[in-house]
Amino acid sequence: MGEKIKMNNVNVLRNTKIEINLEKCTKCGACIAECPLRLYYFREDVLFIRRSSEMLCMECGHCVAVCPVNVINLQRFPTEEIKVISKDDKVPTYNELVDLIKFRRSVRQFKKEPVSDDLWKKLIEAGRFAPTGHNDQLIHYTVVRDPALLDKISEEITKNFVNLAEIYKNPSRRDEFNSLVPKKYLKIAKIALIGLKDMLKGIARGEEFWRWNGELLILHAPKKTTSLEQDCSLAAGNIMLAATILGLGTCSLGLMTAAFTIFDSVANLINLPKKHVVGYALAVGIPKVKYYRTPPRQTAKVSWF
Ligand SMILES: Cc1cc2nc3c(=O)[nH]c(=O)nc-3n(C[C@H](O)[C@H](O)[C@H](O)COP(=O)(O)O)c2cc1C
């Protein structure tokens, strides 16, 4: 239903989430057709909001985006940042976009220079507009730039993997190993353990393998998030492409993601909230390496029906 009230002498339809200026509404029905939960309806030529919208509306903002006369507001969100899409706004061509996708690399050699505040903010902006399951928008971005903390995180991960290797080596401690490592990280943890001996030699020579000496972006969200890993991965995907355009390099860090989940002492270094799960980790930095061509890729495995 929504409540019909007068605000500044204007007839307004509203509930706790939505507010509509009825005087400017042209009754075009665009919001009715667009709402995925069908929360708007006409009755006798008057626009109404279903009572269930107080619960069901996921504030996706499609009604705001699709309204030709801009009469719908979502109360929880500031209106100032809404961008009007004009005919002059350019989007990349297909070829430009696919080249960007193809030219992105997992960068594992970074300069010592830090990433600027401005570039960090631009990366996060690219992540913020990725879609999220049920429009949850619950991702928290933790940026680690402090060189001392970055080193501490790497050291703590090494220390924990060395301990885990000791547990793994001892068949009588297999239950302990299995209780420490969630099933989904078993494969990656075992890969780390197999490579650990050589990694330790590299670390002794001053190399760094967990984050390739990059700064860190850790995407995490409350456990209750509808599609936690998908949300974090999609945001990370946007960020990786934005980084490529901005002249930055990124590397997905599956091992680091596992480490934040398996080892409390690593999670504690970034004050990871107790009810949060890390969905993605990225190394970020200024690339020290230049790529001359795209790497080979398998052809796509596709089923057409
Ligand atoms: C989910 C995920 C986890 C990854 N984890 C790591 C990692 O821990 N360390 C690393 O160096 N690279 C990691 N990578 C990078 C992959 O090795 C890389 O994407 C792949 O070799 C293809 O290279 P490209 O990204 O340059 O196209 C990861 C990639 C993904 C998508």
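Select Ile-218 to begin: leaving aside residues up to four places away in sequence, Ile-218 touches Thr-142, Phe-260, Ile-270, Val-278 and Ala-281, where two residues count as in contact if their C-beta atoms, placed from the backbone, lie within 7 Å. This is a predicted model, in which local features need pLDDT of at least 70 and side-chain atom pairs count only at pLDDT 80 or more, while totals for chains, interfaces and linings use all residues. Residues are numbered from 1 along each chain as its sequence is written.

**Around Ile-218**

Keep Ile-218 selected and extend the selection to strand β8 (residues 215–222), where Ile-218 is found; helices (H or I, at least four residues) and strands (E, at least two) are DSSP runs, numbered from the N terminus. Ile-218 counts as buried because it has 24 C-beta neighbours inside 10 Å; the cut-offs are 20 or more other C-beta atoms within 10 Å of a residue's own for buried, 12 or fewer for exposed, and anything in between for partly exposed, with C-beta atoms placed from the backbone. A distance label drawn from the C-alpha atom of Ile-218 to that of Thr-257, 39 residues apart along the chain, should read 8.1 Å.

**Helix α10 and its neighbours**

Thr-257 leads on to α10, where Leu-255, Met-256, Thr-257, Ala-258, Ala-259 and Phe-260 are buried. To see what the buried residues of α10 pack against, colour α6, α8 (186–204), β8, α11 (264–269) and β10 (276–285).

**Helix α6**

Of these elements, take helix α6 (residues 147–169) next and pick out Ile-153, which has its place there. Ile-153 is buried, since 22 other C-beta atoms lie within 10 Å. With residues up to four places away in sequence not counted, Ile-153 touches Val-144, Val-266 and Leu-269. By way of a second distance label, the C-alpha atoms of Ile-153 and His-134 are separated by 33 Å, although these residues are 19 residues apart along the chain.

**The ligand**

Now select the ligand together with its shell, which consists of Arg-105, Ser-106, Arg-108, Cys-251, Ser-252, Leu-253, Gly-254 and Leu-255; a residue is taken as near a molecule if its C-beta atom, placed from the backbone, lies within 6 Å of it. Two or more residues of this shell are given by each of β9 (249–252) and α10 (254–262). Coloured by class, the shell shows 3 nonpolar, 3 polar and 2 charged residues, with Ala, Val, Leu, Ile, Met, Phe, Trp, Tyr, Cys and Pro counted as nonpolar, Asp, Glu, Lys and Arg as charged, and the others, Gly among them, as polar.

**Two hairpins**

Move to strand β1 (residues 3–7), which lies largely in the open because the number buried among its 5 residues is 0. β1 pairs with strand β2 (residues 10–14) in the antiparallel sense over 5 bridges, pairing being assigned if DSSP finds at least two bridges between two strands. Within this pair, Glu-3 stands opposite Arg-14 in β2, and in the hairpin, which has 2 residues between the strands, Asn-8 takes a positive phi near 45°.

The second hairpin to select is that of strand β4 (residues 40–43) and strand β5 (residues 46–49), which run antiparallel and are joined by 4 bridges. Tyr-40 has Ile-49 in β5 as its bridge partner, and Glu-44, in a hairpin with 2 residues between the strands, takes a positive phi near 50°.

**Two loop residues with positive phi**

Select Arg-38 in the loop between α1 (30–34) and β4, where it has a positive phi of about 55° although it is not a glycine. Arg-38 counts as partly exposed, with 13 C-beta neighbours inside 10 Å. Then go to Trp-212 in the loop between α8 and β8, whose phi is also positive, near 55°, in a residue other than glycine. Trp-212 counts as partly exposed, with 18 C-beta neighbours inside 10 Å.

**The whole chain**

Finally, zoom out and colour domain 1 (3–74) and domain 2 (95–285) separately, the bounds coming from an automatic or database domain assignment; the C-alpha centres of the two domains lie 41 Å apart. The chain has 11 helices and 10 strands. Its radius of gyration is 24 Å, well over the 19 Å that the globule rule gives for 305 residues, so the chain is more spread out than a compact globule; the radius is taken over C-alpha atoms, and the rule is 2.2 Å times the number of residues to the power 0.38. Along its principal axes the C-alpha trace spans about 75 × 50 × 50 Å, and buried residues make up 26% of the 305 residues.
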